[in-house]
Amino acid sequence: MLKSWKLKEVVLMSLFAIVFGIVYLLFVHISNIWAGVIGPLAYEWMFGIWFIVSIICMYIIRKPGAAVLSESMAAAIEVLLGNAVGPRLLLSGIIQGLGAEAAFAVTGYKHFNLAVLMLAGAGSAIFSFVYGYFISGYAALDPSFVALMFTLRVLSGMIIAGIGGKYLTDGLLATGSLRGYAIARADKGDAGV
């Protein structure tokens, strides 16, 4: 998978994985506080933050595997930093990354506009929700509550990961720091909204 990758792409993806591994762990604590205020739905509103690195890395690098690898690496960093979930989090990272990767694969890795980035955020949300449904026992909950959880998670993935990932990456692109990456060489029509 990485044969066609340049060293600078691997390094950039690794740096993002480290940064977002730290951010992810920070947001576990923020989510716990938020859940203390509004209850368990708090996590669903914020889930998009845990999908964002896959979208940012794919948006910049634009090569198969960028989403799943970056999300998996960020999960590994989070585990190493002491996330209480432990090694099971590695599987969560892989599943979330596969959800985003699926959206880009459907387009043949050729389109990286806002709609595709939002679809990738939704893909991460759907894949993670299905996994969580079986691991966390959502079947015991009221179906209308489960539907609300699902809806909030998908919206969070689309807005925080999809729109937020595009916004953050476009800001970074504007600084000139992403020259030499696929995003900088992309057609203006595909890189825009």
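User: Why is the crossing of α6 past α7 called right-handed?

Analyst: The label rests on the sense of the turn: a crossing is left-handed if the near helix is turned anticlockwise from the far one by less than a right angle, and right-handed if clockwise. α6 passes α7 in the right-handed way, so the turn counts as clockwise by that rule. Please keep in mind that this is a predicted model, where local features need pLDDT of at least 70 and side-chain atom pairs count only at pLDDT 80 or more, while totals for chains, interfaces and linings use all residues. Residues are numbered from 1 along each chain as its sequence is written, and side-chain values use heavy atoms, leaving out hydrogens and water.

User: What makes α6 and α7 helices, and at what angle do they pack?

Analyst: Helices are DSSP runs of H or I with at least four residues (strands are runs of E with at least two), numbered from the N terminus. α6 covers residues 114-135 and α7 covers residues 143-174. They pack at about 145°, their axes 7 Å apart. Axes here are lines fitted to C-alpha atoms, for helices over the stretch in contact, with angles from 0 to 180 degrees between N-to-C directions.

User: How do you know which residues make that contact, and what are their classes?

Analyst: Contact means heavy atoms within 4.5 Å. On the α6 side the residues include L117, A125 and F129; on the α7 side they include F150, V154 and M158. The classes come to 15 nonpolar, four polar and two charged residues. Ala, Val, Leu, Ile, Met, Phe, Trp, Tyr, Cys and Pro count as nonpolar, Asp, Glu, Lys and Arg as charged, and the others, Gly among them, as polar.

User: Why is S70 called buried?

Analyst: Its relative accessibility is 0%, and buried means under 20% relative accessible area, exposed over 50%, partly exposed in between (1.4 Å probe, protein chains only). S70 therefore counts as buried. This serine sits in helix α4. Beyond its neighbours within four places in sequence, S70 touches M13, A17, V53, S54 and C57.

User: Then why is L148 only called partly exposed?

Analyst: L148 has 38% relative accessibility, so it falls in the partly exposed class. You will find L148 in helix α7. The C-alpha atoms of L148 and E44 are 9.1 Å apart, although 104 residues separate them along the chain.

User: What makes α3 mostly covered?

Analyst: In α3, 10 of its 10 residues are buried. Among them are I52, C57 and I61.

User: What makes the phi of R62 and Y109 worth a look?

Analyst: Most residues other than glycine have a negative phi. R62, just after α3, takes a positive phi of about 60°, and Y109 has one near 55°. R62 lies in the loop between α3 and α4, whereas Y109 lies in the loop between α5 and α6. At 12% relative accessible area R62 counts as buried, while Y109, at 22%, counts as partly exposed.

User: Which helix gives the most to the lining of the largest pocket, and what are the classes in that lining?

Analyst: α1 does, with six residues. By class, the lining has 17 nonpolar, 11 polar and five charged residues.
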